[in-house]
Amino acid sequence: MNTVGKKLAPVRPVEIIAHRGARTVQDPTRIAPENTIPAFVAAAQQGASNETDIFALRHNDSLWIHHDLETGRVFQLPGQQKPFHTLTQDELDSLRLNKKGHEDTVNKMLGPGGTYKTPTRFENVTVPELENTLATLPNTHFYVELKVSRPDLLRTGHHQLEEKTARLIREKNLYDQVTVISFSPCSLRKIKALDPKIKTGLNFTLPNLVRNNPILLNWFVNQYAKNWVGVNSIHPSYDTLSPKMVELAHQIAMPVITWVYHETRSEEKKLFPKLLDMGVDGIITNAVDLLNEEVRTHASSTHPAQATVSFRDL
């Protein structure tokens, strides 16, 4: 079947997913630091799910939300920079918002001429614990990315990151609220071995050799992602995505969640129509408000019965 130039119907309505919470919106007074509870709340208020990142710490049994492998850009320790996974509880309590780092990140996304300044009410936000975050937004779907890429984390077994994540989901019955995602197929296989009921999704990019070869692409989707890694959804980068990949995934009822990572809101907005035309099931973005507008326009013009933009049934 030739899918080039054709609009592919998604498995279900498109899910809008906020990358580290609602990191940018048109109203600058509502922009909270990434991966904080106010950012997640702002996304939920716009009908979006959330994507976030978690670490297990060497000196702590809880799971903590933070993107960067080191402290410094958004949250900083006085006078030093450390690998996040090595922090003690006292050091966690000492983390403070780096206003300049946060503001620089936001202004890059806003584009040329950005003049964002941190609203006073967000100046004292803290690094959140995963369990508390999920309890704060019990009706919001979270894609939780396991941070396992550092060589020292690989040597330490990620401080039982997979075990702690599976235990939290099982003990708190979070199977419907959480999808565990990762670039590490081994971590996702481990999650499934610990608890097959947990939903998982594979983040990836692909070389052109695989992306442009229907036989290799079919092997990747069916044999590698579905049968070997055992995931419930695939999460290709937007520049890895193709109509053929969506077609192959949908043939086996595999949702396709893509992620965009352009620096500015306007650049991300340009991608949305093409991604929606491919029939993706979800988009992870830094510009939730702009994607909301595009999804409504797209749904009303191509799939009037699918105007709803959020779902919980992975």
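The legends below accompany several close-up views of a predicted model.

**View 1. The protein chain as a whole, with its helices, strands and buried residues.** In this predicted model, the protein chain contains twelve helices and eleven strands. Of the 314 residues in the protein chain, 57% are buried. Where residues at least 6 apart in sequence are in contact within the protein chain, 64% of those contacts join residues at least 24 apart. The structure also holds 13 salt bridges, some of which are taken up in later views.

**View 2. Helix 9 against helix 10.** Helix 9, made of residues 214-229, and helix 10, made of residues 243-251, have axes that come within 10 Å and cross at roughly 45 degrees. An angle of that kind makes helix 9 oblique to helix 10, and the crossing in which helix 9 passes helix 10 is right-handed. From helix 9 the contact draws on Pro214, Leu217, Asn218 and Val221, while helix 10 contributes Lys244, Met245, Leu248 and Ala249. Sorted by class, the residues in this contact of helix 9 with helix 10 are six nonpolar, one polar and one charged.

**View 3. Helix 7 against helix 9.** Helix 9 also packs with helix 7, at an angle of about 40 degrees and with the two axes 10 Å apart. That angle makes helix 7 oblique to helix 9. On the side of helix 7 the residues are Pro185, Leu188 and Arg189, and they meet Tyr224, Trp228 and Val229 in helix 9. The contact of helix 7 with helix 9 has five nonpolar residues, no polar residues and one charged residue.

**View 4. Helix 6, its buried residues and what covers them.** Within helix 6, the residues Leu161, Glu162, Lys164, Thr165, Ala166, Leu168 and Ile169 are buried. The elements that cover the buried residues of helix 6 include strand 2 (49-56), strand 3, helix 4 (130-136), strand 6 (142-146), strand 7 (178-182) and helix 7. After helix 6 comes Asn173, which has a positive phi, near 55 degrees.

**View 5. The salt bridge between helix 7 and helix 6.** Lys190 and Glu163 form a salt bridge in which the closest N and O atoms are 2.9 Å apart. Because Lys190 lies in helix 7 (residues 185-194) and Glu163 in helix 6 (residues 161-171), the pair ties together parts that are 27 residues apart in sequence. Lys190 has a relative accessibility of 33% and therefore counts as partly exposed.

**View 6. The salt bridge between Arg73 and Glu34.** In this pair, the closest N and O atoms of Arg73 and Glu34 are 2.6 Å apart. The salt bridge links distant parts of the chain, 39 residues apart, with Arg73 in the loop between strand 3 (63-65) and strand 4 (75-76) and Glu34 in the loop between strand 1 (15-19) and helix 1 (37-45). Arg73 is partly exposed, with a relative accessible area of 25%, whereas Glu34, with a relative accessible area of 7%, is buried.

**View 7. The salt bridge between Arg265 and Asp289, and a network elsewhere in the chain.** The side chains of Arg265 and Asp289 meet in a salt bridge, at 2.9 Å from N to O. Arg265 belongs to helix 11 (residues 265-278) and Asp289 to helix 12 (residues 288-302), so that the pair links distant parts of the chain, 24 residues apart. Both Arg265 and Asp289 are buried. In addition, salt bridges with shared partners join Arg20, Arg23, Glu34, Asp68 and Arg73 into one network.

**View 8. Asn35 and Ala253, each with a positive phi.** Most residues other than glycine have a negative phi. Asn35, which is not a glycine, nevertheless has a positive phi, near 55 degrees, and Asn35 is found in the loop between strand 1 and helix 1. With a relative accessible area of 3%, Asn35 is buried. Ala253 likewise has a positive phi, of about 55 degrees, although it is not a glycine, and its place is the loop between helix 10 and strand 10 (257-259). At 55% relative accessibility, Ala253 counts as exposed.

Conventions:
Residues numbered from 1 in each chain as written. Predicted model: local features only at pLDDT ≥ 70, side-chain atom pairs only at ≥ 80, totals over all residues. Heavy atoms only, no water. Axes fitted to C-alpha atoms, helices over the stretch in contact; angles between N-to-C directions. Helix = DSSP H or I, 4+ residues; strand = E, 2+ residues; numbered from the N terminus. Parallel < 35°, antiparallel > 145°, perpendicular 65-115°, else oblique. Left-handed = near helix turned anticlockwise from the far one by under 90°. Contact = heavy atoms within 4.5 Å. Nonpolar A, V, L, I, M, F, W, Y, C, P; charged D, E, K, R; others polar. Salt bridge = Lys/Arg side-chain N within 4 Å of Asp/Glu carboxyl O. Buried < 20%, exposed > 50% of the residue type's maximum accessible area, 1.4 Å probe, protein only.
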